[in-house]
Amino acid sequence: MSNLQINQVIENVLQSKMRGKIVYQSYLPALTALNLTFVKPYNDSNGKGYQRPVDPKRCHDFAVYLSKR
C-alpha cells in the first residue's frame, strides 16, 4: 500500500446500519482509491485471494454497461 502525498479530507459521510452493523458511505476520487486499496489476486500464494484474473471481454462489456446507465 502506498502513502498519500497530501492529506485527504473525506466529507459528507453517511452512516447507516446494514444487517445489524454500522456502515459508512462516502466518495473519494478514483486515483486516490487506486493508491489506497489493494485486493489480493485469486491465485495469491497464501491461497486467500479474492480478485479473479482480468478478462478483456468482460472489461469491455462492463464499460459498455456503465456507458449506457
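Visitor: Where is the place of Arg 19?
Guide: Happy to start there, with the note that this is a predicted model. S1 and S2 form a hairpin with two residues between the strands, and Arg 19 takes its positive phi in this hairpin. The place of Arg 19 is the loop between S1 and S2.

Visitor: What is the phi of Arg 19?
Guide: For background, most residues other than glycine have a negative phi. Arg 19 is a residue other than glycine, yet its phi is positive, near 55°.

Visitor: Is Arg 19 buried or exposed?
Guide: The cut-off for exposed is over 50% relative accessible area. Arg 19 has a value of 81%, so this residue counts as exposed.

Visitor: Which residue in the segment before S1 has a positive phi although it is not a glycine?
Guide: A good companion to Arg 19. The residue sits in the segment before S1 and is exposed, with a relative accessible area of 69%. Its phi is about 55°, and the residue is Asn 12.

Visitor: How many bridges pair S1 and S2, and in which sense?
Guide: Take one position as an example: Gln 15 stands opposite Tyr 24 in S2. Along the pairing of S1 and S2, the sense is antiparallel and the number of bridges is five.

Visitor: How many of the five residues of strand S2 are buried?
Guide: A residue has to fall under 20% relative accessible area to be buried. Strand S2 covers residues 21-25 and lies largely in the open, because the number of its residues that are buried is zero.

Visitor: Which residues form the nonpolar patch on the surface?
Guide: Let's begin with Val 13, which is found in the segment before strand S1 (14-18). Val 13 is partly exposed at 41% relative accessible area, and a patch takes residues with over 30%. Together the patch has about 430 Å² of accessible area, and its members are Ile 10, Val 13, Ile 22 and Tyr 24.

Visitor: What pattern does the chain follow along the sequence?
Guide: The secondary structure comes to two helices and two strands. Read along the sequence, the pattern is β-β-α-α.

Visitor: Which residue forms a salt bridge with Asp 61?
Guide: A search of the whole structure finds one salt bridge. Asp 61 is partly exposed at 36% relative accessible area, and its partner is exposed at 57%. The two are four residues apart in helix H2, so about one helical turn separates them. Their closest N and O atoms are 2.7 Å apart, and the partner is Lys 57.

Visitor: Are the planes of the aromatic pair Phe 62 and Tyr 65 stacked or edge-to-face?
Guide: The count comes to one aromatic pair. Phe 62 and Tyr 65 lie 6.1 Å apart centre to centre, with 20° between the planes. Planes under 30 degrees apart count as stacked, so the pair of Phe 62 and Tyr 65 is stacked.

Visitor: What separates Phe 62 and Tyr 65 along helix H2?
Guide: Helix H2 covers residues 56-68. Tyr 65 in this helix is partly exposed, with a relative accessible area of 41%. Phe 62 and Tyr 65 are three residues apart, so the separation is about one helical turn.

Visitor: How much of the area that the chain exposes do carbon and sulfur atoms supply?
Guide: Of the 69 residues of the chain, 1% count as buried. The chain exposes about 7,100 Å², and the share supplied by carbon and sulfur atoms is 56%.

Definitions and conventions
Residues numbered from 1 in each chain as written. Predicted model: local features only at pLDDT ≥ 70, side-chain atom pairs only at ≥ 80, totals over all residues. Heavy atoms only, no water. Phe/Tyr/Trp six-rings, centres within 6.5 Å; stacked < 30°, edge-to-face > 60°. Buried < 20%, exposed > 50% of the residue type's maximum accessible area, 1.4 Å probe, protein only. Patch = residues over 30% accessible without salt bridge, like charges linked within 9 Å, V, L, I, M, F, W, Y side chains within 5 Å. Areas by Shrake-Rupley, 256 points an atom, 1.4 Å probe, with all protein chains shown as cover. Salt bridge = Lys/Arg side-chain N within 4 Å of Asp/Glu carboxyl O. Pairing = 2+ DSSP bridges.
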